[in-house]
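Trainee: I am new to this structure. Could you show me how to read it, one feature after another?

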Amino acid sequence: MDVSVTDLAVTKNGRTILQVPGLRFPRGSTTAIFGPNGAGKTTLLRTIAGLERVERGEVRVGGLPAGREPLARGLVGMAFQKAMFLRGSVRRNLDLALRLRKVPALERRTRLEEAAAECGIASLLERPARELSGGEAQRVNLARVLGLRAPVTLLDEPLAGVDRIARTQFLSELPGVLARFPATTILVTHDREEAFRLADRLVVLIDGQVRAAGIKGFVYAHPPDRATAELLGYTAVVVDGRVLAIPPGSLRVGNGPLPFMVEVERVIDMGNHLHVLGTVGEQRVDFRLPSRVAPPEEGSTLRVHAGADAVMLDG
Amino acid sequence: MGDAVRLLLNADAELFGIVARTLVISSVATLLAMLVGIPIGYALARGRFRGRTMVLSAVNTGMGMPPIVIGLLVWLLLSRSGPFGSLGLIYTREAMVLAQFLIATPLVVGFTAASIQSLPPELPDLLYSLGAGRLRRLWIIAGEAQLGLLAAIMAGFGAVISEVGASMTVGGNLRGSTRVLTTAIVTETGRGNLSFALALGVMLLALAFAVNILLTRIQQRQRG
């Protein structure tokens, strides 16, 4: 089911915090709304869920205006960033969500157990929902929304509050879990790795404005400005008065097109490579060198150039 | 003490009348305070409006307001020369209910606001997104906040059943009409009838304890 945003403006306390001229989330796609904290990502997700009052414009879910009609609300399931539960067991919480969606009793049980098995929480069903660890709570949060089998699934920072070890495991399982519950999935994250591993499309949101949107490979290869490039992991340096956005691992030592000088600050032997930290003017850069080469001296100047995948930006 | 026990065992109609009147007046006042105080407490907890902090401060002040001050205010309003004197409510049970309602309401509002504020702020949005209508949302939220809501009711009832100043001022402690346990204790103590005063004190404690046992059982049964 398609989700479309048209000429949207959301205002809070007299300040426009989100302005989106147009955006489309194609049916069956998984899109990551990606941006720094405070960019308006959650506001955009909440607007699609019909939870925000819009100043102007509209969001349509499957052609229906989001939020206003119960019918449109029934098409969308949302997992909030903070996994909230009512008193009682995990089973009671999952069951209540399905009851509120008016799912018949027999089907509730099937759906509940299927979602629990897929999200790896079958053993937690009788546990008090408010006594779960961060990782368990986010899995239950996910199971609750996936069990709804809504045509549109919204996930707000699905790995928030999950410790590092559990996160690695959860992140590796998530694409498979999402694939088994076909929907138009829109997730919010401030983490680049999550965005790229979970989604096939990206929407880059900075200061309430969409800076880039589309297939993730295309968005990555064509950052429109410096802020977007840096958010996507590029290192931006000013060379001959122009901004050069260099993707990770793209700096090479020696002459090449658009060479520039790096002041070497630190060289760290990482075992299989050397990690060089330096500066180009005011901008900090870091790059790798093979461990077999002689390490550059700290305080020396090194001539480097960017690979062909670097992008020249206008400003 | 022996006399007090004997009086309790051979309780007469007057004593039962005082107990029943106390229970009815304080229960009605608490019920009205719940009807008014719980929605206000919810609105204060969830609402974002200008002057909210001022209102909360006023409620918190009201929670510690001496009952005699409220009694005095109600007396000024309802006395023959007051703005509502023509209603003829002074020295009636209705006047006592009004005074007790004003004592209990800030307590119910304050406890309700605190218990609702302790819930996740996005809980209503979660329920809305799941399709719960307004009444269903309120019902579920009340269920989640029930420990605090029952504490609000207990605080309100405890305050009004044990207060004496307001009931004495606006009720007048009229025998067979507005005499309740607390005002009767004052009267009997003044008369030097200490055994009867003690028996009334025991009845008051027993009554408050019985109501609180009931509410606490409801409160703790559904904890989880």
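**Salt bridges, burial and backbone turns**

Mentor: Start with one pair. The side chains of Arg130(A) and Glu144(B) form a salt bridge, at 2.4 Å from N to O. This pair crosses between chains. Arg130(A) sits in the loop between helix 4 (105-118) and helix 5 (134-147) of chain A. Glu144(B) belongs to helix 7 (residues 134-144) of chain B. Keep in mind that this is a predicted model.

Trainee: Is Glu144(B) buried or exposed?

Mentor: Glu144(B) counts as buried, at 8% relative accessibility. Its partner Arg130(A) is partly exposed, with a relative accessible area of 44%. The cut-offs are simple: under 20% is buried, and over 50% is exposed.

Trainee: How many salt bridges are there between chain A and chain B?

Mentor: The count is four. Another salt bridge across the chains joins the side chains of Arg46(A) and Asp125(B), at 2.8 Å from N to O. Charged residues can also link up in a network. Here one network of salt bridges takes in Lys12(A), Arg46(A), Glu52(A), Glu122(B) and Asp125(B).

Trainee: Which numbers describe the contact between the chains?

Mentor: Look at residues, then at area. Chain A gives 21 residues to the contact, and chain B gives 18 residues. About 1900 Å² is buried between chain A and chain B. Carbon and sulfur atoms give 56% of that area.

Trainee: How many salt bridges does the whole structure have, over all chains?

Mentor: A search finds 28. Some sit within a helix. There, spacing along the sequence is the thing to check. An α-helix has 3.6 residues a turn, so residues three or four places apart point the same way.

Trainee: Where can I see that spacing here?

Mentor: Try helix 3 (residues 90-100) of chain A, where Arg99(A) and Asp95(A) are four residues apart. Because of that spacing, about one helical turn separates the two. Their side chains meet in a salt bridge of 3.2 Å, N to O.

Trainee: And how accessible are Arg99(A) and Asp95(A)?

Mentor: Arg99(A) is partly exposed, at 33% relative accessibility. Asp95(A) is buried, at 18%. The cut-off for buried is under 20%, so Asp95(A) falls within it.

Trainee: Which residues of helix 7 (residues 192-198) of chain A should I look at for the four-residue spacing?

Mentor: Look at Arg197(A) and Glu193(A), about one turn of the helix apart. Their side chains form a salt bridge of 3.0 Å, N to O. Arg197(A) is partly exposed at 39% relative accessibility. Glu193(A) is partly exposed too, with a relative accessible area of 38%.

Trainee: How do I read burial for a whole helix?

Mentor: Count its buried residues. In helix 1 (residues 41-48) of chain A, seven of the eight residues are buried, so the helix is largely enclosed by the rest of the structure. The buried ones are Lys41(A), Thr43(A), Leu44(A), Leu45(A), Arg46(A), Thr47(A) and Ile48(A). You have met Arg46(A) already, in the salt bridge with Asp125(B).

Trainee: What comes just after helix 1 of chain A?

Mentor: Gly50(A), which takes a positive phi of about 80°. Phi is a backbone angle to check residue by residue. Glu157(A) also has a positive phi, of about 45°, although it is not a glycine. Asp207(A) is not a glycine either, and its positive phi is about 50°.

Trainee: Where do Glu157(A) and Asp207(A) lie?

Mentor: Glu157(A) is in the loop between strand 7 (152-156) and helix 6 (164-179) of chain A. Asp207(A) is in the loop between strand 9 (201-206) and strand 10 (209-215) of chain A. Glu157(A) is buried, with a relative accessible area of 6%, whereas Asp207(A) is exposed, at 61%.

Trainee: Now step back. What makes up chain A as a whole?

Mentor: Chain A has nine helices and 18 strands. Its C-alpha atoms fill a box of roughly 70 × 45 × 35 Å along the principal axes. Of its 315 residues, 52% are buried. The accessible surface is about 14700 Å², and 49% of it belongs to carbon and sulfur atoms.

Trainee: How many positive and negative side chains does chain A have?

Mentor: There are 42 positive and 35 negative ones. The centres of the two sets lie 8 Å apart.

Trainee: What about contacts along the sequence?

Mentor: Take contacts in chain A between residues at least 6 apart in sequence. Of these, 63% join residues at least 24 apart.

Note on methods:
Residues are numbered from 1 along each chain as its sequence is written. Chains are lettered from A and ligands numbered from 1 in the order in which they are written. Side-chain values use heavy atoms; hydrogens and water are left out. Buried means under 20% relative accessible area, exposed over 50%, partly exposed in between (1.4 Å probe, protein chains only). Contact means heavy atoms within 4.5 Å. Accessible areas come from the Shrake-Rupley method with a 1.4 Å probe; for residues, only the protein chains shown count as cover. Lys and Arg count as positive and Asp and Glu as negative; His and the chain ends are not counted. The place of a charge is taken as NZ of Lys, CZ of Arg, CG of Asp or CD of Glu. Buried area is the accessible area (1.4 Å probe) that two parts lose on being put together, summed over both.
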